[in-house]
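Visitor: I'd like to take a close look at one part of this protein rather than tour the whole thing. Could you pick a strand, walk me through its surroundings and then show me how the rest fits around it?

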Amino acid sequence: MYSVLEETSILISRMPDPLPIFQVKIVGYANKLTESMLPTVVPPVFRSIANPDHFFLPPYVLKDGHLWSDQKRDARELRQLEERGDVTLFAEPPLEAKPDYELWIDSENQRHYESNSDAEEALQAIAEQCISEAEEALKTGDYTTAKNATRKAMCANDRLIEPLAIRAAIAQKENELGQLNLMFHLVGSRSTKAGFKLMVAGYEEILASATTCARPAADLFTCHPMHNIALQRAA
């Protein structure tokens, strides 16, 4: 098994010479996003400033203010990808590409292009607010609101375990063993099994004393497939 740094080095070695990041602009992002996938970080689609008919799609590497990519497309190919739903192109003017910046789309489908630290802080704040909303919804047995809020929290920050614990508690209450097992699987190495069970039990206690509201017709748990997958960022 290779480390992330080794995999990045191997990928770079197979690609053409890099472009300085200031020689490209951002004209969109890979994937089409539905409401259930927001908010989330997205991998940009870059356009060459010197050759406006050259576009670069993931997978690529961004490192030291440079872009490595062997996924070059022309305008015709890009339009075909857009029609297929593989990319989303901005109606607004392109963005000036910057090193160590992150592109993310909020719940209102508005774009944000911020420094890595600012983007992480903004998404973390959204995730924390959504977790608070889910916890409040549990107190009244409002599973629909709780599930929607945990979904948004997971989209904003898929490293958190609180949303998974809330979903596990609801799944236990509804006897949805498949969902319950999925939550334990998704936690992975982020928590011990005993620690996660303890967190789930805490939310189960809230549910046990809740006044039940209208129950959802279907499960709303959705993952956003492009997050941290299409964009390979060097360590």
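**A close look at strand β4**

Guide: Happy to. Strand β4 (residues 44-48) is largely enclosed by the rest of the structure, because four of its five residues are buried. Please keep in mind as we go that this is a predicted model.

Let's start with the neighbours of β4. Strand β2 (residues 24-30) pairs with β4 in the antiparallel sense, over five bridges. One place to find this pairing on your screen is Val24, whose bridge partner in β4 is Ser48. Strand β5 (residues 55-56) also pairs with β4 in the antiparallel sense, here over two bridges. Look for Phe46, which stands opposite Phe56 in β5. The link between β4 and β5 is a hairpin, and six residues make the connection. As you follow the chain along β4, it may help to recall that side chains in a regular strand alternate between the two faces of the sheet.

Now to another strand, β3. An open sheet of three strands has β3, β11 and β12 in the order β3-β11-β12, with antiparallel pairing. Within it, β3 and β12 (111-115) are the edge strands, each with a single partner, so one side of each has no neighbour in the sheet. Two bridges hold β3 to strand β11 (residues 101-105), and these two run antiparallel. Thr40 has Ile105 of β11 as its bridge partner. Arg111 is worth a pause too: Arg111 lies over the face of Phe90, at 4.5 Å from the ring centre.

From β3 (40-41) we can step across to helix α4, since β3 is among the elements that cover the buried residues of α4. The cover also includes α3 (116-138), α5 (162-173) and α7. Helix α4 (residues 143-156) has 14 residues and spans 20 Å from its first C-alpha to its last, close to the 20 Å expected at 1.5 Å a residue. Most of α4 is covered, with ten of its 14 residues buried. Among them are Tyr143, Met154 and Cys155, several alanines including Ala146 and Ala149, and also Lys147 and Arg151. A general point helps in reading such a list: an α-helix has 3.6 residues a turn, so residues three or four places apart point the same way.

Helix α7, one of the elements covering α4, leads us to a pair of rings. Phe184 and Phe196 form an edge-to-face aromatic pair, 4.8 Å centre to centre with 85 degrees between the planes. Phe184 lies in helix α6 (residues 177-187) and Phe196 in helix α7 (residues 193-208), so the pair ties together parts that are twelve residues apart in sequence. The two rings are covered to different extents: Phe184 is partly exposed, with a relative accessible area of 25%, whereas Phe196 is buried, at 1% relative accessibility. A search of the whole structure turns up four aromatic pairs.

Finally, let's set these parts in the whole protein. Its secondary structure comes to seven helices and 13 strands. Of the 235 residues in the protein, 42% are buried. Taking contacts between residues at least 6 apart in sequence, 63% join residues at least 24 apart. As for the outside, the protein exposes about 12,500 Å², and carbon and sulfur atoms supply 51% of that area.

How values were computed
Residues numbered from 1 in each chain as written. Predicted model: local features only at pLDDT ≥ 70, side-chain atom pairs only at ≥ 80, totals over all residues. Heavy atoms only, no water. Phe/Tyr/Trp six-rings, centres within 6.5 Å; stacked < 30°, edge-to-face > 60°. Buried < 20%, exposed > 50% of the residue type's maximum accessible area, 1.4 Å probe, protein only. Lys NZ or Arg CZ within 6 Å of the ring centre and 35° of its normal. Pairing = 2+ DSSP bridges. Contact = heavy atoms within 4.5 Å. Areas by Shrake-Rupley, 256 points an atom, 1.4 Å probe, with all protein chains shown as cover. Expected span 1.5 Å × (residues − 1).
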